[in-house]
Amino acid sequence: SYRPAEKNRIQGFNDMIVFGTLATSSLASGVLLERNGWALLNWLSLPVMVTIAAAVGLLYFRGRPPVTAA
């Protein structure tokens, strides 16, 4: 979706977005931990973990061949 001449600029922009998001979430989790403790962080991470577990389960069971009777 970009021209070869733009490759370095796009890579730099992508790195800025990724590491900016990483820094922001690191700082936010530190603030949340300091103000609210581990319990809130655990509750906030629960929906993310459930979503990931459901996606992994879906991929696992969709990729299995059907069971045939012997």
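**Exercise 1.** Which residues in α1 meet which residues in α2?

*Solution.* The model is predicted, so local features need pLDDT of at least 70 and side-chain atom pairs pLDDT 80 or more, while totals for chains, interfaces and linings use all residues. Residues are numbered from 1 along each chain as its sequence is written, and side-chain values use heavy atoms, without hydrogens and water. With contact taken as heavy atoms within 4.5 Å, Ser29, Leu32, Leu33 and Asn36 of α1 meet Trp38, Leu40, Leu41 and Leu44 of α2. These residues divide into 6 nonpolar, 2 polar and no charged.

**Exercise 2.** Classify the crossing of α1 and α2.

*Solution.* The axes, lines fitted to C-alpha atoms over the stretch in contact, belong to α1 (residues 7-36) and α2 (residues 38-62). They come within 7 Å and cross at roughly 130°. Angles under 35 degrees count as roughly parallel, over 145 as roughly antiparallel, 65 to 115 as roughly perpendicular and the rest as oblique; α1 and α2 are therefore oblique to each other. Just after α1, Gly37 takes a positive phi of about 85°.

**Exercise 3.** Describe the aromatic pair of Tyr60 and Phe61.

*Solution.* Rings pair if their centres lie within 6.5 Å, and planes over 60 degrees apart count as edge-to-face, under 30 as stacked and the rest as tilted. Tyr60 and Phe61 are edge-to-face, at 5.1 Å centre to centre and 75° between the planes.

Notes
Axes fitted to C-alpha atoms, helices over the stretch in contact; angles between N-to-C directions. Helix = DSSP H or I, 4+ residues; strand = E, 2+ residues; numbered from the N terminus. Nonpolar A, V, L, I, M, F, W, Y, C, P; charged D, E, K, R; others polar. Phe/Tyr/Trp six-rings, centres within 6.5 Å; stacked < 30°, edge-to-face > 60°.
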